[in-house]
Amino acid sequence: MFSQGTDTDFTQKVMQSLEEVEMDYSKQGSHQRWKRAKQRRRMITAAAAVSLIVMGSSLLAWKQPDLIRQVSSIFSLQPQTIEESLPPELKAWTEMSDLSWLEDYKKSKPLGLVQTPKIKVEDKGYSFEIVNVMVDSSRIVITAKQTGPDGKELQSPLEDGGLQVTDLEGNVIASLARGINMMDGLEEYVFIFDQTVPDRILVTGNPEYIRESVDNQETGRFERKQVEVDWDFRFQIDMKKAKQFEHRDILDAKYTTPEGLVVSMEQMIRTPNGIRLDMGFKLKDMLASKATADWGDDLHIWYHLETDQPQKILRFGDGIGRHSVKIQGLPTVNEDNGTLPWSETWYTGTVPPETKNIRFVLDGYSLPVKDEAAVHINMEKLEQTPVVFEHEGDQITITGSSMEKDAVKSNGNVLRLHAKGRYTNNVTRDQWIALDSNGEEYPVEIEGSGSANEDGTAEWIMDFVVAGVDPNLSELTLKRTVVDKRFTDVNWAVDLPSYTSLPWESLAENK
């Protein structure tokens with residue numbers, strides 16, 4: 001399909017739309033189950049996101065590793081194409097099937113920012129080997145091979161942790177981030193430095209267990225089996241040279257949206273491998289009172305960058321077709337001050353670190369808020385008289401229903417309410433419940449797919465799935481308790497600091 005490979009932004013064109021959503025294929029075959037999923041500290045590849053493009057504009061995702069590998073292989077560059085394009089010292093990098101990191105590698109290698117520690121641990125047939133480590137004063141990228149007893153690659157075995165970056169006294173100085181890259185047989189663990197970087201750092205591996213994807217024959221689904229292994233290792237990295245190649249600016253710009261989202265710019269770091277922008281978010285006023293307890297997991301922003309090329313506006317965040325970010329921090333709300341840290345690094349091919357004049361423009365954000373609305377359904381008349389639910393700019397028409405047996409619980413009944421909707425807000429973080437005529441409450445899940453319109457709305461075909469109801473149910477109330485609301489009434493732009501010279505440019509001139 002792509003004889004010369006995909007562009008550097010292709011991998012993550014739709015990640016922001018889908019990063020909190022997982023879908024399981026059910027045994028019914030025609031239904032796809034969407035689940036509301038909180039941000040988890042999981043180290044995943046973006047192969048699943050890449051494969052979404054083949055579905056047109058439908059927003060679908062899956063979890064099966066075999067399917068991910070099959071589809072991602074479609075987008076792999078041909079080995080001979082990579083081999084021919086690389087100088088001799090980069091031949092070892094030919095295992096990569098997406099070269100989004102290649103420019104970073106080519107720039108970092110001559111600067112002494114790529115190391116190859118001889119780390120390989122194996123236990124019970126499970127193997128972990130570090131291929132190389134790329135560092136700068138902003139981040140550390142650990143590229144590893146991980147295989148099981150059958151020789152097959154493991155999918156994110158350390159999703160529950162096990163790697164740490166500390167100073168020599170054991171103080172944690174870097175936090176796990178989300179790196180967006182796709183490679184055959186390799187996985188990247190990306191950490192961003194959130195403390196002062198010392199001259200020497202320590203990378204430690206000591207997982208209590210790892211995760212292995214297995215096919216559960218009873219449920220027909222892939223599951224993540226826990227396996228206890230001894231993968232203990234440690235090595236040091238000299239950071240003195242990496243710290244020389246940075247241009248850091250402390251920022252002091254703040255804005256509060258009409259609803260009460262406080263946005264603050266904190267710092268901007270330029271390194272040979274890209275520009276990192278650090279921000280912070282805090283809730284006040286209406287948002288503080290209506291936001292869910294885990295709001296830090298669910299906040300999304302979208303923005304654009306204006307540069308010296310006025311005809312080229314770079315858009316990031318929400319929506320298909322926008323540029324992706326190379327590294328994104330995994331934000332956790334600070335319990336002491338209620339601030340959510342936010343860190344993003346753009347692809348160097350999209351925003352080169354040498355870009356001088358950059359203007360950041362906030363376009364909007366979304367956040368699940370507690371806001372109730374309900375619709376009453378007469379089950380006997382539903383087929384002849386569809387029911388319309390309208391709330392916060394969303395319009396959903398429920399057109400029919402069906403009853404089926406639960407695939408897991410032999411005595412369970414599942415009601416499906418078939419619907420179509422036009423959404424102004426997001427869908428995947430909504431929360432719904434159902435109540436029968438006696439006031440008994442039932443959980444609701446949403447299954448379906450949607451496509452985006454040019455005006456920012458989305459068209460959805462969906463089922464509201466209500467488990468455990470009486471099969472002879474005559475009336476039902478469907479209630480939305482949390483809406484994943486989109487806010488676009490923002491008006492904030494910041495001119496980011498420029499520079500007169502950069503450390504690595506000076507080095508090149510001296511050579």
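This passage describes the overall make-up, two buried strands and the main pocket of a predicted model.

The protein chain contains nine helices and 29 strands. Of its 511 residues, 55% count as buried. The exposed surface of the chain comes to about 22,700 Å². Carbon and sulfur atoms supply 46% of that area. Contacts were also sorted by separation along the sequence. Among contacts with a separation of 6 or more, 68% join residues 24 or more positions apart.

Strand S5 covers residues 126-135. Eight of its 10 residues are buried, so S5 is largely enclosed by the rest of the structure. The cut-off behind this statement is a relative accessible area under 20%. S5 pairs with strand S3, strand S4 and strand S6, taken here in turn. Strand S3 spans residues 114-115 and runs antiparallel to S5, with two bridges between them. Within this pairing, Gln115 has Val133 of S5 as its bridge partner. Strand S4, residues 120-123, is also antiparallel to S5 and is joined to it by four bridges. Here Glu122 is bridged to Ser127 of S5. S4 and S5 make up a hairpin, with two residues separating the strands. Lys124 lies in that turn and has a positive phi of about 55°.

On its C-terminal side in sequence, S5 leads to strand S6, residues 139-147. Eight bridges connect S5 and S6 in the antiparallel sense. Ile130 is placed opposite Ala144 of S6. These strands, too, form a hairpin, with three residues between them. S5 thus takes part in a hairpin with S4 and in another with S6.

A second enclosed strand, S25, covers residues 431-435. Four of its five residues are buried, so S25 is largely enclosed by the rest of the structure. Two pairings are described for S25, with strand S28 and with strand S26. S28 comprises residues 475-487 and is antiparallel to S25, with five bridges. In this pairing, Gln431 has Val482 of S28 as its bridge partner. S26 comprises residues 441-452 and pairs with S25 over three bridges, again in the antiparallel sense. Ile433 stands across from Pro443 of S26. S25 and S26 form a hairpin with five residues between the strands. Gly439 in this turn has a positive phi of about 85°.

The largest pocket has a volume of about 870 Å³. Its lining is made up of 41 residues. Those nearest the centre are Ser175, Ile192, Asp194, Leu330 and Pro341. Several strands give two or more residues to this lining: S7 (163-166), S8 (174-179), S9 (187-193), S15 (261-271), S16 (274-283), S19 (325-329) and S20 (340-346). S16 provides the largest share, four residues. By residue class, the lining of the largest pocket holds 17 nonpolar, 16 polar and eight charged residues.

Definitions and conventions. Residues numbered from 1 in each chain as written. Predicted model: local features only at pLDDT ≥ 70, side-chain atom pairs only at ≥ 80, totals over all residues. Heavy atoms only, no water. 1 Å grid on protein atoms, 1.4 Å probe; cavity = no way out; pocket = protein on both sides within 12 Å on 5 of 7 lines; lining within 4 Å. Points joined across faces, edges and corners; volume = space filled by probe spheres on them. Nonpolar A, V, L, I, M, F, W, Y, C, P; charged D, E, K, R; others polar. Buried < 20%, exposed > 50% of the residue type's maximum accessible area, 1.4 Å probe, protein only. Pairing = 2+ DSSP bridges. Contact = heavy atoms within 4.5 Å. Areas by Shrake-Rupley, 256 points an atom, 1.4 Å probe, with all protein chains shown as cover.
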